[in-house]
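I sat down with this one to see how the strands line up and where the charged side chains pair. My notes are below.

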Amino acid sequence: TCTNCDATNFLTFDGLNRNVDRTRRRGVEASFKGRYNEYFDGLINYTFTEATFQSTFQINDFITTRTVMPGDTIPLVPKNRLSVTGNVHPVEGLTLTLIGLYVSSQFYLGDEANTRPSLPEYFLLNGRLAYERPVPGGRLSGFLMLNNILNQKYSTSGIMAVNNLTGGGAVDQFVVPAPTFAVYGGLSYRFEGI
(Lines give C-alpha, C1' and ligand atoms only; values in the text may rest on other atoms or scores of the structure.)
Protein backbone atom coordinates (compact mmCIF):
# COMPACT_ATOMS: atom_id res chain seq x y z
CA THR A 1 0.00 0.00 0.00
CA CYS A 2 1.25 3.44 -0.89
CA THR A 3 1.14 6.01 1.89
CA ASN A 4 0.78 9.65 0.83
CA CYS A 5 -0.45 8.56 -2.60
CA ASP A 6 -2.93 10.70 -4.49
CA ALA A 7 -6.44 9.40 -4.98
CA THR A 8 -5.80 8.50 -8.62
CA ASN A 9 -5.80 4.71 -9.03
CA PHE A 10 -3.87 3.16 -11.91
CA LEU A 11 -3.80 -0.35 -10.50
CA THR A 12 -6.54 -1.79 -12.71
CA PHE A 13 -5.65 -2.09 -16.37
CA ASP A 14 -9.02 -1.41 -17.97
CA GLY A 15 -7.98 0.61 -21.03
CA LEU A 16 -9.37 3.86 -19.64
CA ASN A 17 -7.37 7.08 -19.68
CA ARG A 18 -6.92 8.76 -16.32
CA ASN A 19 -5.32 12.07 -15.45
CA VAL A 20 -2.39 12.24 -13.06
CA ASP A 21 -3.02 14.77 -10.33
CA ARG A 22 0.06 16.93 -10.86
CA THR A 23 2.80 17.10 -13.52
CA ARG A 24 5.30 19.75 -14.49
CA ARG A 25 6.97 20.63 -17.77
CA ARG A 26 9.70 23.20 -17.78
CA GLY A 27 12.61 23.90 -20.03
CA VAL A 28 14.29 26.25 -22.39
CA GLU A 29 14.51 26.62 -26.14
CA ALA A 30 17.16 28.65 -27.91
CA SER A 31 17.78 29.33 -31.59
CA PHE A 32 20.75 30.99 -33.23
CA LYS A 33 20.59 32.01 -36.85
CA GLY A 34 23.47 33.52 -38.74
CA ARG A 35 24.65 34.39 -42.20
CA TYR A 36 28.38 34.08 -42.79
CA ASN A 37 28.29 35.62 -46.24
CA GLU A 38 26.12 35.54 -49.35
CA TYR A 39 26.95 31.87 -49.85
CA PHE A 40 26.45 30.37 -46.42
CA ASP A 41 23.92 30.63 -43.58
CA GLY A 42 22.91 28.37 -40.74
CA LEU A 43 20.58 27.72 -37.84
CA ILE A 44 21.17 26.01 -34.49
CA ASN A 45 18.17 25.08 -32.34
CA TYR A 46 18.38 23.48 -28.89
CA THR A 47 15.51 22.43 -26.63
CA PHE A 48 15.81 21.19 -23.04
CA THR A 49 12.60 19.79 -21.53
CA GLU A 50 12.16 18.50 -18.01
CA ALA A 51 8.77 16.76 -17.89
CA THR A 52 8.10 15.14 -14.52
CA PHE A 53 5.33 13.73 -12.39
CA GLN A 54 4.72 15.88 -9.31
CA SER A 55 2.44 13.53 -7.39
CA THR A 56 2.87 10.03 -5.97
CA PHE A 57 0.69 7.24 -7.33
CA GLN A 58 0.77 3.52 -7.96
CA ILE A 59 0.61 1.86 -11.33
CA ASN A 60 0.39 -1.77 -12.41
CA ASP A 61 2.98 -2.50 -15.10
CA PHE A 62 1.56 -5.98 -15.86
CA ILE A 63 4.09 -7.74 -13.60
CA THR A 64 4.04 -5.85 -10.33
CA THR A 65 2.74 -2.70 -8.74
CA ARG A 66 5.21 0.16 -8.93
CA THR A 67 5.13 3.50 -7.16
CA VAL A 68 5.66 6.59 -9.29
CA MET A 69 7.31 9.35 -7.27
CA PRO A 70 7.51 13.12 -7.75
CA GLY A 71 10.45 13.79 -10.05
CA ASP A 72 10.02 10.64 -12.18
CA THR A 73 10.21 11.52 -15.88
CA ILE A 74 7.09 11.43 -18.04
CA PRO A 75 7.59 8.80 -20.78
CA LEU A 76 8.25 9.70 -24.43
CA VAL A 77 9.60 13.17 -23.65
CA PRO A 78 13.30 13.53 -24.55
CA LYS A 79 15.25 15.92 -22.33
CA ASN A 80 17.53 17.13 -25.11
CA ARG A 81 16.89 17.91 -28.75
CA LEU A 82 19.48 19.62 -30.94
CA SER A 83 19.29 20.45 -34.62
CA VAL A 84 21.97 22.11 -36.74
CA THR A 85 21.15 23.31 -40.25
CA GLY A 86 23.65 24.58 -42.79
CA ASN A 87 22.67 26.16 -46.12
CA VAL A 88 24.99 26.77 -49.06
CA HIS A 89 23.91 29.01 -51.98
CA PRO A 90 26.52 28.38 -54.72
CA VAL A 91 24.55 30.19 -57.44
CA GLU A 92 21.42 32.30 -57.47
CA GLY A 93 18.28 30.21 -56.88
CA LEU A 94 20.13 27.05 -55.77
CA THR A 95 20.26 26.00 -52.10
CA LEU A 96 22.05 22.94 -50.71
CA THR A 97 21.02 22.10 -47.14
CA LEU A 98 22.38 19.65 -44.58
CA ILE A 99 20.43 19.07 -41.34
CA GLY A 100 21.72 17.16 -38.31
CA LEU A 101 19.22 16.18 -35.60
CA TYR A 102 20.05 14.67 -32.19
CA VAL A 103 17.31 13.42 -29.84
CA SER A 104 18.21 12.06 -26.39
CA SER A 105 16.83 8.89 -24.84
CA GLN A 106 13.24 8.61 -23.58
CA PHE A 107 11.41 6.28 -21.22
CA TYR A 108 8.91 3.88 -22.76
CA LEU A 109 5.19 4.50 -22.34
CA GLY A 110 4.16 2.18 -19.51
CA ASP A 111 7.40 2.79 -17.59
CA GLU A 112 6.18 5.78 -15.61
CA ALA A 113 8.29 4.66 -12.62
CA ASN A 114 11.45 4.86 -14.80
CA THR A 115 12.70 1.40 -13.79
CA ARG A 116 13.49 -0.14 -17.18
CA PRO A 117 15.99 0.62 -19.96
CA SER A 118 14.97 3.62 -22.01
CA LEU A 119 14.41 4.13 -25.73
CA PRO A 120 17.88 4.85 -27.19
CA GLU A 121 19.00 8.28 -28.32
CA TYR A 122 19.44 8.82 -32.04
CA PHE A 123 21.11 11.08 -34.59
CA LEU A 124 19.80 11.78 -38.09
CA LEU A 125 21.39 13.47 -41.06
CA ASN A 126 19.08 14.84 -43.74
CA GLY A 127 19.85 16.74 -46.94
CA ARG A 128 17.93 18.92 -49.35
CA LEU A 129 18.62 20.38 -52.77
CA ALA A 130 16.27 23.19 -53.86
CA TYR A 131 16.20 25.36 -56.94
CA GLU A 132 13.91 28.26 -57.74
CA ARG A 133 13.91 30.59 -60.73
CA PRO A 134 11.60 33.06 -62.42
CA VAL A 135 9.89 31.86 -65.60
CA PRO A 136 7.34 33.59 -67.82
CA GLY A 137 4.24 34.27 -65.74
CA GLY A 138 5.63 33.14 -62.38
CA ARG A 139 8.24 31.09 -60.56
CA LEU A 140 9.33 27.49 -61.03
CA SER A 141 10.80 25.60 -58.09
CA GLY A 142 11.88 22.07 -57.43
CA PHE A 143 13.44 20.11 -54.58
CA LEU A 144 15.09 16.80 -53.83
CA MET A 145 15.06 15.65 -50.18
CA LEU A 146 17.27 12.93 -48.72
CA ASN A 147 16.01 11.72 -45.33
CA ASN A 148 18.14 9.64 -42.96
CA ILE A 149 21.23 9.74 -45.19
CA LEU A 150 23.20 7.52 -42.78
CA ASN A 151 20.37 4.94 -42.85
CA GLN A 152 20.10 4.88 -39.05
CA LYS A 153 17.79 2.39 -37.38
CA TYR A 154 15.92 4.26 -34.67
CA SER A 155 12.52 4.58 -33.03
CA THR A 156 10.66 7.71 -32.05
CA SER A 157 8.15 5.92 -29.82
CA GLY A 158 7.96 2.82 -27.64
CA ILE A 159 5.62 1.10 -25.20
CA MET A 160 5.85 -1.57 -22.50
CA ALA A 161 3.16 -4.20 -23.02
CA VAL A 162 2.37 -7.88 -22.57
CA ASN A 163 3.69 -10.04 -25.38
CA ASN A 164 1.07 -12.77 -25.79
CA LEU A 165 2.21 -13.64 -29.32
CA THR A 166 5.82 -14.75 -28.81
CA GLY A 167 6.69 -13.88 -25.22
CA GLY A 168 4.34 -16.19 -23.36
CA GLY A 169 2.71 -13.26 -21.59
CA ALA A 170 5.95 -11.57 -20.53
CA VAL A 171 6.20 -7.79 -20.59
CA ASP A 172 8.31 -6.62 -23.53
CA GLN A 173 9.40 -3.37 -25.05
CA PHE A 174 7.70 -2.60 -28.35
CA VAL A 175 8.94 0.17 -30.63
CA VAL A 176 7.66 2.07 -33.63
CA PRO A 177 10.48 1.85 -36.19
CA ALA A 178 11.14 5.11 -38.02
CA PRO A 179 11.74 5.23 -41.78
CA THR A 180 15.19 4.33 -43.06
CA PHE A 181 16.85 6.17 -45.96
CA ALA A 182 14.29 7.78 -48.26
CA VAL A 183 14.32 10.16 -51.22
CA TYR A 184 11.54 12.65 -51.98
CA GLY A 185 11.21 15.21 -54.72
CA GLY A 186 8.80 17.79 -56.00
CA LEU A 187 8.24 20.43 -58.65
CA SER A 188 5.93 23.42 -58.44
CA TYR A 189 4.95 26.43 -60.48
CA ARG A 190 3.64 29.61 -58.86
CA PHE A 191 1.60 31.84 -61.13
CA GLU A 192 2.35 35.52 -60.57
CA GLY A 193 0.68 37.08 -63.58
CA ILE A 194 2.08 38.35 -66.83
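These entries cover the sheet, one strand pair, the salt bridges and one arginine.

**Sheet.** I kept in mind that this is a predicted model. I traced an open sheet of 7 strands in the order β1-β2-β5-β6-β7-β8-β11, with antiparallel pairing. The edges are β1 and β11 (182-191), and each of them pairs on one side only. On average, neighbouring strands here are turned by 15 degrees against each other, direction ignored.

**β7 and β8.** I looked up how β7 (residues 122-135) connects to β8 (residues 138-147): they run antiparallel and are joined by 9 bridges. Opposite P134 I found R139, in β8. R139 also has a charged partner, since its side chain meets that of E132 in a salt bridge (2.5 Å, N to O).

**Salt bridges.** I get 5 in the structure. Besides R139 with E132, they include R22 with D21 at 2.8 Å and R190 with E192 at 2.9 Å. How buried or exposed are these residues? R139 has a relative accessible area of 23% and E132 has 32%, so both fall in the partly exposed range of 20% to 50%. R22 is partly exposed at 42%, and D21 is partly exposed at 45%. R190 is partly exposed at 47%, and E192 is partly exposed at 46%.

**R24.** I placed this residue in β1 (residues 23-37). R24 counts as partly exposed, at 34% relative accessibility. What does R24 touch beyond four places away in sequence? I noted E50, A51, T52 and Q54. F53 lies 29 residues from R24 in sequence, yet their C-alpha atoms are 6.4 Å apart.

Terms used
Residues are numbered from 1 along each chain as its sequence is written. This is a predicted model: local features need pLDDT of at least 70, side-chain atom pairs count only at pLDDT 80 or more; totals for chains, interfaces and linings use all residues. Side-chain values use heavy atoms; hydrogens and water are left out. Helices (H or I, at least four residues) and strands (E, at least two) are DSSP runs, numbered from the N terminus. Buried means under 20% relative accessible area, exposed over 50%, partly exposed in between (1.4 Å probe, protein chains only). Contact means heavy atoms within 4.5 Å. Two strands pair if DSSP finds at least two bridges between them. Axes are lines fitted to C-alpha atoms, for helices over the stretch in contact, and angles run from 0 to 180 degrees between N-to-C directions. A salt bridge is a side-chain nitrogen of Lys or Arg within 4 Å of a carboxyl oxygen of Asp or Glu.
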